[in-house]
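Please look over the sequence and the structure below before reading on. The text starts with one pair of strands and works outward from there.

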Amino acid sequence: MTEQPNANSAQPPAAGDDRLGPRPLDRPAVDPAQEAVFGRPRGVDGAFDKLYTPAINGSRNLDLAPPTPESLAEAFRRPPGAEDVVLERPREATGEQAAPEDPLWTDSRDPWRDPAAGAVLAGPAMPAEDEEKPRKRPSGALLSLPEVLFGRRVKPRALALLGVVALLVGAVGGLVGWWIADTGSALTGSATISEAEASKERPPGSISDIAKRVSPAVVSLEVFKPGADSGEQGSGVMIDPQGYILTNEHVVTTAVADPTVKITAIFNDGTRTEAKIVGSDQKTDLAVVKVNVTNPVVMQIGKSADLQVGDAVIAVGSPLALQNSVTSGIVSALNRPITAGGDSGEPPVTYEAIQTDAAINHGNSGGALVDSTGALVGINSSIRSSSADGGSIGIGFAIPSDYAMKIAKALIKTGKVVHADIGINASSTVAGSSTMGAQVKNVEAGGPAASAGIKEGDVITKIGDRLVRDSAELTVAVRNHDVGEVVPVQLARAGSVLVVDVTLGSD
């Protein structure tokens with residue numbers, strides 16, 4: 001029994017014994033999103049849109065180009081009356097006989113137009129008949145030099161005499177000029193100037209070398225209130241790459257009291273930028289301000305404890321608004337207790353100073369005092385003058401760098417400084433007293449001195465290992481210690497010498 005093919009089978013019908021039938025058409029589903037992007041627009045059935053639409057009368061209406069501008073049509077249209085003229089067609093296409101061409105040359109005697117003429121290295125092959133022959137130069141006598149110069153003939157004797165006169169006039173003029181130059185004013189004449197052959201030597205370690213290295217790290221500070229006619233001026237030292245500048249408190253004291261007062265830092269290259277107060281300490285006359293700068297030149301910090309009297313020092317600052325001024329001198333004294341008058345009604349400032357004879361004036365405050373290596377050893381702070389508004393008389397004072405950096409680090413860290421305090425008020429002993437020191441005037445109740453048994457009238461002569469010869473030295477001796485430190489205090493009472501241990505408090 002023969003099997004019949006199933007009409008519902010997926011197999012394609014056989015096309016023949018030696019051929020396969022076509023495969024079934026497989027059309028995958030179309031993604032709606034892709035169809036929206038790549039499908040034909042609505043109303044378009046074919047592969048291309050229609051470029052034109054047939055007119056009602058059946059003629060084609062092509063809108064492929066805009067109408068020709070009237071100016072171009074007027075310039076390039078056919079002239080009036082030539083509307084029926086068409087472009088000329090080739091004569092071969094119309095069957096007409098071509099007109100004979102005119103030869104390039106008609107005269108066989110013209111070799112320049114005959115391409116068969118031979119080339120020769122000579123004049124024209126056929127000279128022109130109308131060419132003019134060169135005229136013969138007329139003969140005759142030539143003009144002499146006297147005739148050319150004077151327009152007529154001159155006797156040789158007269159010409160020689162004229163030459164002699166010209167030489168004599170030139171010689172006389174030269175002699176007169178030489179005599180005038182030689183017998184001129186005694187105050188004028190030529191000068192012989194001797195110039196140095198070798199350049200100025202500036203060996204490493206010289207003042208010029210140190211000034212060149214440290215000046216970029218010293219800035220000038222202008223403190224002024226917007227709208228005011230004038231302000232205050234001082235100096236500062238860049239001590240940290242983050243932009244921290246160490247200066248004196250009295251330079252920025254108005255800005256500390258009034259937030260509207262602006263501080264401007266001026267660098268060695270003339271760059272000006274605003275400075276903000278980080279912290280200040282009136283008791284030590286030190287303050288820190290900060291500027292927003294990139295990669296500033298920073299001062300190298302030295303050890304003031306290594307200084308000795310007689311060491312060379314250099315002061316760098318802006319005295320009297322004269323920026324980047326440098327003066328030199330020596331260390332005149334060390335550990336000099338100084339009490340300077342406070343500004344704006346503030347109490348006097350007491351600190352231990354380096355005394356120097358390097359010229360320091362108003363405006364040097366806050367500037368740098370460097371040693372012979374260019375390292376910072378002090379902050380210029382005050383001067384001793386013969387009058388209230390006087391200048392330097394060779395006695396200047398700087399805060400030692402060891403103590404100044406201790407205060408600066410505390411200001412940068414917390415914005416304020418805490419000092420050790422003994423809890424008494426004292427004054428210097430009067431001249432002629434049997435004991436030199438700081439006499440106790442009153443004792444703070446419950447303070448460190450009262451707890452140690454110090455009484456009014458006692459004369460303190462020593463704090464730890466430091467001699468005390470007056471009240472200023474008592475203040476700096478106490479502040480050299482830390483809060484909470486136990487310090488032996490030597491004092492004189494009723495002719496006896498006592499030593500008591502005092503646990504220092506805080507101010």
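Ile379 in β13 has Ile399 as its bridge partner in β14. The two strands, β13 and β14, pair in the antiparallel sense over five bridges, where pairing requires that DSSP finds at least two bridges between two strands. Strands here are DSSP runs of E with at least two residues, helices are runs of H or I with at least four, and both are numbered from the N terminus. In the same pair of strands, β13 and β14, Ser382 stands opposite Phe397 in β14.

This is a predicted model, in which local features need pLDDT of at least 70 and side-chain atom pairs count only at pLDDT 80 or more, while totals for chains, interfaces and linings use all residues. Residues are numbered from 1 along each chain as its sequence is written, and side-chain values use heavy atoms, with hydrogens and water left out.

Both strands are covered. Five of the five residues of β14 are buried, so β14 is largely enclosed by the rest of the structure; buried means under 20% relative accessible area, exposed means over 50%, and partly exposed lies in between, with a 1.4 Å probe and protein chains only. Seven of the eight residues of β13 are buried, so β13 too is largely enclosed by the rest of the structure.

On its other side, β13 is joined antiparallel to strand β12 (residues 368-370) by three bridges. Val370 has Leu376 in β13 as its bridge partner. The hairpin of β12 and β13 has five residues between the strands, and there Gly374 takes a positive phi near 90°. Strand β14 also runs antiparallel to β11, with three bridges joining them, and Thr356 stands opposite Gly396 in β14.

These pairings belong to a closed sheet. Six strands form a barrel in the order β9-β10-β11-β14-β13-β12, with antiparallel pairing. Neighbouring strands of the sheet are turned by 50° against each other on average, direction ignored. Strand β9 (residues 312-317) pairs with strand β10 (residues 325-340) in the antiparallel sense over six bridges, and Ile314 stands opposite Ser328 in β10.

Two helices pack on this sheet. Helix α8 (residues 401-414) touches β13 (376-383) and β14 (396-400), and its direction makes about 55° with that of β14. Helix α10 (residues 471-479) touches β10 and β11 (349-356), at about 95° to the direction of β11. Contact means heavy atoms within 4.5 Å; axes are lines fitted to C-alpha atoms, for helices over the stretch in contact, and angles run from 0 to 180 degrees between N-to-C directions.

What fills the interior? The largest nonpolar core has 30 residues, of which Val237, Ile239, Leu246, Met299, Tyr351 and Ala368 touch the most other members. Helix α8 gives the largest share of this core, six residues. A second, separate core of 20 residues includes Val440, Ile460, Val468 and Ala477. A nonpolar core is a set of buried Ala, Val, Leu, Ile, Met, Phe, Trp, Tyr and Cys residues joined through side-chain atoms within 4.5 Å. Leaving aside neighbours within four places in sequence, the contacts of Tyr351 include Ser382, Phe397, Ile399 and Val476.

For the protein as a whole, there are 10 helices and 22 strands, and 29% of the 507 residues count as buried.
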